[in-house]
Amino acid sequence: MISGNEIQSLVDLLLERNVSLYHACQLLDFESYLALGGIPSRALLEDKGLPFTPFDTDTNDKTNGVWDKVFGNLTEFGEIFANGKFWPPTVYGPIQLQIKPSALLDASDVAICIRSAGGEEFNRELEALTIDEIDRTFYYPRNVSFPRSTQVKSQRLLAKEFGKTKPQSPEISCSVSNQVLSAEYIIAAWVDPYVLNGQGYWIVFQM
């Protein structure tokens with residue numbers, strides 16, 4: 001678990017690598033986010049009576065003690081689909097929020113794990129990576145040029161690196177006092193491309 005002054009060190013690492021954070025959602029969720037002024041925990045959405053997309057992992061999230069955390073990722077899950085390759089779009093939604101790493105400075109603690117917090121018997125504190133381990137999730141050393149500096153290792157390489165049988169893409173969970181990361185940290189809201197009447201559209205909302 002990363003907390004205190006270590007959070008600044010984590011942000012420095014991500015900035016050095018020119019890494020953005022990402023959070024995917026549906027339009028239903030995005031409207032609720034705008035009402036709250038940022039990216040909230042699902043606990044806050046529930047407490048405020050705002051609509052959000054249910055996930056199969058909701059029960060596990062509550063059991064695992066992460067229902068009140070704000071989530072993000074080191075990679076943009078919709079990128080493969082958006083580039084027209086044979087890959088399904090992300091199940092979390094077609095809207096990808098690109099976030100400044102400095103958003104993590106509002107958190108009291110940050111956990112980056114290579115297993116979903118919605119997994120069975122997930123332990124956030126025990127499974128959180130150290131800053132050195134987070135650096136090792138990237139394919140290239142930190143001194144390479146962008147965008148290679150942002151490339152996260154494949155699940156196969158993560159398994160080899162950390163000795164895990166079924167690792168997943170690094171997932172970020174944050175403890176934030178008001179359970180919402182301010183929209184001021186959102187760089188843009190990207191939307192998966194659509195083809196209508198033979199015309200392709202790429203939508204982006206600058207924040």
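Here are some short exercises, each with a worked solution, on the predicted model shown above.

**Exercise 1. Get an overview of the fold: how many helices and strands does the protein have, and what share of its residues counts as buried?**

Step 1. Start with the secondary structure: there are eight helices and ten strands.
Step 2. Turn to burial. The protein has 207 residues, and 47% of them count as buried.
Step 3. Look at how the chain meets itself. Taking contacts between residues at least 6 apart in sequence, 71% join residues at least 24 apart.
Step 4. Finish with the outside. The accessible surface is about 11100 Å², and carbon and sulfur atoms account for 52% of that area.

**Exercise 2. Find the largest cavity and describe its lining: which strand gives the most residues, and how do the residues divide by class?**

Step 1. Look for enclosed space: the structure has one cavity of 30 Å³ or more. The largest cavity has a volume of about 70 Å³.
Step 2. Pick out the lining in your viewer. Among the lining residues are Leu 21, Ile 39, Val 70, Phe 71, Gly 72, Ile 172 and Cys 174.
Step 3. Map the lining onto strands. Both β4 (70–73) and β7 (171–176) supply at least two residues each, and β4 gives the most, with three.
Step 4. Sort by class: the lining has ten nonpolar residues, one polar residue and no charged ones. Gly counts as polar in this scheme, and Gly 72 is one of the lining residues.

**Exercise 3. Examine Ser 173: is this residue buried or exposed, and which side chain does its own side chain join in a polar contact?**

Step 1. Locate Ser 173 in strand β7.
Step 2. Check its accessibility. Ser 173 has a relative accessible area of 3%; the cut-off for buried is under 20%, so Ser 173 is buried.
Step 3. List its neighbours, leaving out residues up to four places away in sequence: Ser 173 touches Lys 69, Val 70, Phe 71, Asp 109, Val 110, Ala 111 and Arg 124.
Step 4. Pick out the polar partner. The side chains of Ser 173 and Arg 124 are joined by a polar contact of 2.7 Å.

**Exercise 4. Describe the second largest pocket: what is its volume, and how do its lining residues divide by class?**

Step 1. Take the volume, which is about 230 Å³.
Step 2. Select the lining residues, including Cys 113, Ile 114, Leu 126, Phe 162 and Pro 167. Arg 115, Glu 127, Glu 133, Lys 164 and Lys 166 also belong to this lining.
Step 3. Sort by class: seven residues are nonpolar, none is polar and five are charged.

**Exercise 5. Inspect the backbone: where is there a cis peptide bond, and what is the phi of Asn 18 and of Gln 179?**

Step 1. Go to Phe 146 and Pro 147, which are joined by a cis peptide bond with omega of about 10 degrees. Pro 147 sits in the loop between α7 (131–136) and α8 (155–162).
Step 2. Move to Asn 18, in the loop between α1 (6–16) and β2 (21–25). Its phi is positive, near 60 degrees, and Asn 18 is not a glycine.
Step 3. Classify the exposure of Asn 18. Its relative accessibility is 45%; partly exposed lies between the 20% and 50% cut-offs, so Asn 18 counts as partly exposed.
Step 4. End at Gln 179, in the loop between β7 and β8 (180–182). Gln 179 has a positive phi of about 60 degrees, although it is not a glycine.

Note on methods
Residues numbered from 1 in each chain as written. Predicted model: local features only at pLDDT ≥ 70, side-chain atom pairs only at ≥ 80, totals over all residues. Heavy atoms only, no water. 1 Å grid on protein atoms, 1.4 Å probe; cavity = no way out; pocket = protein on both sides within 12 Å on 5 of 7 lines; lining within 4 Å. Points joined across faces, edges and corners; volume = space filled by probe spheres on them. Helix = DSSP H or I, 4+ residues; strand = E, 2+ residues; numbered from the N terminus. Buried < 20%, exposed > 50% of the residue type's maximum accessible area, 1.4 Å probe, protein only. Contact = heavy atoms within 4.5 Å. Areas by Shrake-Rupley, 256 points an atom, 1.4 Å probe, with all protein chains shown as cover. Polar contact = N/O pair within 3.5 Å; in protein donor to acceptor, adjacent residues only side chain to side chain.
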